[in-house]
Amino acid sequence: MIVVGKVESLWRYPVKSMRGEQIRESFLGFSGVYGDRLYAFHDTAALEGFPFLTGREQEQMLLYQPRFRQPEHAAGPPNLAEAENTDPGLNPVYASAADLTVDIETPSGELLAIDDPALINKLTEGLDGTRTLSLLRSDRSFTDCRPVSVFSIQTAQQIGGEVGFTLDKRRFRANVYADLTPMSGFAENAFLGRRLQIGTKAVINVTDRDPRCKMITLDPNTAQATPEILRRVRDAHEGKAGLYGAVLVEGTVRPGDEIRLLA
């Protein structure tokens, strides 16, 4: 077991493709980060295998901020302590859909319930008329590929250096941002196919490098696109940056927790 870094920060995205939120701790469950990507918007004009509206089509989605209506219920499973203290350690039960309802602050500052038809009307503004949107909810999490994404701050710094300006790490929409000092950017590629323990209990199996798309070109504060970021990642890094992982052992992680490479 080798310490390779520490957790720099933790993030979740309650609604797919909307703005994320930084959190003080995160329960990593088999379905991913607790409260992550519980909601998405189905788009009838999207591909059958990826039927969602995202920032690739509606860039302004990145400026919508989801907020859990009852944040105390969104911190983690309600029976986590009891489950972990029951031999041999049980899987906790997730909160109800009602307890994990979110409201959305729009770019104009208006607050709308996630299921308010007015929200769909706003999300379709500027799109062609062939799109019909509907709200989806799932306890499983609407992640693109694997349940958890990991990205090092060194990689964000290196890509920024390559394109000639500082990049906001939020462009990469990771769940776990890792500080891998003293390693350099893309050092996390060496973890592919290996297991990482994050904190005292959670273990993930690193399954894939993360193939990047237009989303990394969008400024998280303005939604303005800078296409050269994606071109650089495609030309110099095989179009991939960061890691995907599957959770093998559930557990709670916090900023500052050590990240260990397991044998």
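The second largest pocket is lined by Arg12, Glu21, Gln22, Ile23, Arg24, Glu25, Arg67, Phe68, Pro71, Ala74 and Ala75. The model in which this pocket is found is a predicted one. The space within the second largest pocket amounts to about 250 Å³. Two elements, strand S2 (21–23) and S7, each supply at least two residues of its lining, and S2 contributes the largest share, three residues. Sorted by class, the lining of the second largest pocket comprises five nonpolar, one polar and five charged residues.

The largest pocket holds about 320 Å³ of space. Its lining consists of 22 residues, and those nearest the centre of the pocket are Arg37, Asp144, Arg173, Arg212 and Tyr244. The elements giving two or more residues to this lining are S11 and S14. In terms of class, eight nonpolar, five polar and nine charged residues line the largest pocket.

Arg212, one of the residues nearest the centre of the largest pocket, is located in the loop between S14 and H4. Its relative accessible area is 14%; because buried means under 20%, Arg212 counts as buried. The side chain of Arg212 forms a salt bridge with that of Asp210, with an N to O distance of 3.0 Å, and Asp210 is likewise buried. The side chains of these two residues are also joined by a polar contact of 3.0 Å. In addition, a polar atom of the Arg212 side chain lies 2.9 Å from the backbone oxygen of Phe172. When neighbours within four places in sequence are set aside, the contacts of Arg212 are Phe151, Phe172, Leu230, Val233, Gly239, Lys240 and Ala241.

Side chains of opposite charge can pair when their charged atoms come close. The structure contains 21 salt bridges. One of them joins Lys169 to Glu8, with the closest N and O atoms 2.7 Å apart. This pair links distant parts of the chain, since Lys169 belongs to the loop between helix H3 (153–163) and strand S12 (176–179), whereas Glu8 belongs to strand S1 (residues 2–12), 161 residues apart. Glu8 is partly exposed, at 29% relative accessibility.

A further salt bridge connects Lys214 with Glu59, the closest N and O atoms being separated by 2.8 Å. Lys214 is placed in the loop between strand S14 (202–211) and helix H4 (228–237), and Glu59 in the loop between strand S6 (50–52) and strand S7 (65–68), so this salt bridge ties together parts that are 155 residues apart in sequence. Lys214 is partly exposed, its relative accessible area being 26%, and Glu59 is partly exposed at 26% relative accessibility. Elsewhere, a network of salt bridges links Asp43, Asp128 and Arg131.

Enclosed space was also examined. Three cavities of 30 Å³ or more are present in the structure, and the largest cavity has a volume of about 100 Å³. Trp11, Tyr13, Arg19, Gly20, Leu62, Arg170, Arg171, Arg173, Met215 and Pro220 form the lining of the largest cavity. By class, this lining has five nonpolar, one polar and four charged residues. Arg173 therefore appears in the lining of the largest cavity and among the residues nearest the centre of the largest pocket.

In helix H3, the buried residues are Ile153, Gln154, Thr155, Ala156, Ile159 and Gly160. The elements that cover these buried residues include S1, strand S11 (148–152), S12, H4 and strand S15 (240–249). Just after H3, a positive phi of about 95 degrees is adopted by Gly164.

Val253 is situated in strand S16 (residues 251–253). With a relative accessibility of 0%, Val253 counts as buried. Not counting residues up to four places away in sequence, Val253 touches Leu10, Glu25, Ser26, Leu28, Ile198, Gly199 and Ala202. Of these contacts of Val253, Glu25 also belongs to the lining of the second largest pocket. Between the C-alpha atoms of Val253 and Ala190 the distance in space is 22 Å, and the two residues are 63 residues apart in sequence.

Note on methods. Residues numbered from 1 in each chain as written. Predicted model: local features only at pLDDT ≥ 70, side-chain atom pairs only at ≥ 80, totals over all residues. Heavy atoms only, no water. Salt bridge = Lys/Arg side-chain N within 4 Å of Asp/Glu carboxyl O. Helix = DSSP H or I, 4+ residues; strand = E, 2+ residues; numbered from the N terminus. Buried < 20%, exposed > 50% of the residue type's maximum accessible area, 1.4 Å probe, protein only. Polar contact = N/O pair within 3.5 Å; in protein donor to acceptor, adjacent residues only side chain to side chain. Contact = heavy atoms within 4.5 Å. 1 Å grid on protein atoms, 1.4 Å probe; cavity = no way out; pocket = protein on both sides within 12 Å on 5 of 7 lines; lining within 4 Å. Points joined across faces, edges and corners; volume = space filled by probe spheres on them. Nonpolar A, V, L, I, M, F, W, Y, C, P; charged D, E, K, R; others polar.
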